[in-house]
Amino acid sequence: MQAGGTLIEYGQPIDPEVMVKPPDMAEFALDPGHPGEHDSAYVERRRELFYLCRKHRLENLGPPWIEYTEEETRIWREVAPRLDELHRKYACSIYLKAKDALAITQDEIPQLRPISERLQRETRMHLVPAEGALPYRTFYEYIARRGFPVTQFIRHGSHPEFTPEPDMIHDCLGHVPPLMNQDYAELLVLIGRAAATAEKGEHVLALKRFSWFSIEFGLMEEQGEVKIFGAGILSSFGEIPHAMFSREVTRRPFVTDMVIETDYDPTQMQKDFFIAPSFAFLREELTQLIRRLNIPVLPD
Ligand SMILES: [Fe+2]
């Protein structure tokens, strides 16, 4: 991770301060090159949802109820069944069980408020409305308090298979179902507490990578088979077969020291995957890492 005292992220040297002092994006903007940037109706809709969800987040109002448009529902109906077919074959068991229990259907875009109430009852987690991708540290500050930030907008219809940013499909079909599992929830909350407390940029980066190769892109061994639990894989119909079968990628056992030294590029298909034996194993690995980094979030 360190080369002569410099932190490297996404192949570039970074200022360690950005890891501990997140910037706040208060104004709405689509990134240049976004598939929807020249569609004024899309930009307007995104702007409306940005300020609505931001207000609900900052004022602790819980997820707003959204009236989805026909076009948004059409995109959901195109993507959700294709993903579901792949999930039935390749997703880990806790994901499939939770997806059914939450009754996330392929017909209607789910409303987050009832899902959040259900999570609260099952694992004491809840959903926090997010206007877009939050800075890493801010994101984990919510998770430390058992809230998972979730976007409520949908990707642009010209590229239903692709989104350059987390959207409702990534969040709701990737991140939300495993929150129903207590072991998964406790792992996530511990990452959040450590990441929100760490004072050194290099420690936050180590936790970020631990999280990336588990929560976002993790594989798990289940009854002798490799299954998927990472949200970034489960929400992408390109990434699922790529993670499972591509010959261009590495699939190695999850060894924390290796994981925290592995850089990645979030804008490309992933080339490194790690296979964990269980959530209990990941929790134990994380506990040891936190102890080693001396981050004061563990009971004595
Ligand atoms: Fe994600």
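**Strand pairing, core and annotated sites in a predicted model**

Strands β8 and β9 run parallel and are joined by four bridges. The model in which this pairing is seen is a predicted one. Within the pair, Thr250 has Asp272 of β9 as the residue opposite. Strand β9, covering residues 272–276, also pairs with β6, residues 219–222, again in the parallel sense, here over two bridges. In that second pairing, Met220 finds its bridge partner in Ala276 of β9.

It helps to step back to the whole chain at this point. The secondary structure of the protein amounts to 13 helices and nine strands. The radius of gyration is 18 Å, close to the 19 Å that the globule rule gives for 300 residues, so the protein is as compact as a globular protein of that length. Along the principal axes, the C-alpha atoms occupy a box of roughly 50 × 45 × 40 Å. Of the 300 residues, 42% are buried. Contacts across the sequence are well represented: when residues at least 6 apart in sequence are considered, 65% of their contacts join residues at least 24 apart.

The interior comes next. In soluble globular proteins, nonpolar side chains tend to be buried together. Here the largest nonpolar core holds 78 residues, and the members touching the most others are Ile191 and Ile228. Helix α8, residues 182–197, supplies the largest share of this core, with 10 residues. For Ile228, contacts beyond its neighbours within four places in sequence are made with Tyr90, Ala91 and Cys92, with Leu219, with Ile233 and Leu234, and with Ile240 and Ala243.

The annotated positions can be considered in turn. An unreviewed UniProt entry places the feature "binding site" at His170, His175 and Glu216. These residues span 47 residues in sequence, yet no two of their C-alpha atoms are more than 10.2 Å apart, so they gather at one spot. Helix α7, residues 168–175, contains His170, and His175 lies in α7 as well. Are these histidines buried or exposed? With 20 or more C-beta neighbours within 10 Å as the cut-off for burial, His170 is buried, having 21. His175 is likewise buried, with 22 other C-beta atoms within 10 Å. Setting aside neighbours within four places in sequence, His170 is in contact with Thr163, Ala231 and Ser235. On the same basis, His175 is in contact with Phe148 and Ala231. Ala231 therefore appears in the contact lists of both His170 and His175.

Two further residues offer a view outside the core. Gln106 sits in the loop between α4 (93–101) and α5 (112–123). With 15 other C-beta atoms within 10 Å, Gln106 is partly exposed. Its contacts, leaving aside neighbours within four places in sequence, are Arg77, Ala80, Pro81 and Asp84. From Gln106 to Ala276, the C-alpha to C-alpha distance is 29 Å, for a separation of 170 residues in sequence. Arg252 belongs to strand β8, residues 250–253, the strand that runs parallel to β9. Arg252 also counts as partly exposed, with 14 C-beta neighbours inside 10 Å. Between the C-alpha atoms of Arg252 and Leu298 the separation is 28 Å, although their positions lie 46 residues apart along the chain as a sequence separation.

Note on methods:
Residues are numbered from 1 along each chain as its sequence is written. This is a predicted model: local features need pLDDT of at least 70, side-chain atom pairs count only at pLDDT 80 or more; totals for chains, interfaces and linings use all residues. A nonpolar core is a set of buried Ala, Val, Leu, Ile, Met, Phe, Trp, Tyr and Cys residues joined through C-beta atoms within 7 Å. A residue is buried if 20 or more other C-beta atoms lie within 10 Å of its own, exposed if 12 or fewer, and partly exposed in between; C-beta atoms are placed from the backbone. Two residues are in contact if their C-beta atoms, placed from the backbone, lie within 7 Å. The radius of gyration is taken over C-alpha atoms; the globule rule is 2.2 Å times the number of residues to the power 0.38. Two strands pair if DSSP finds at least two bridges between them. UniProt positions are given in the numbering used here, feature names are shortened, and annotations may be inferred rather than shown by experiment.
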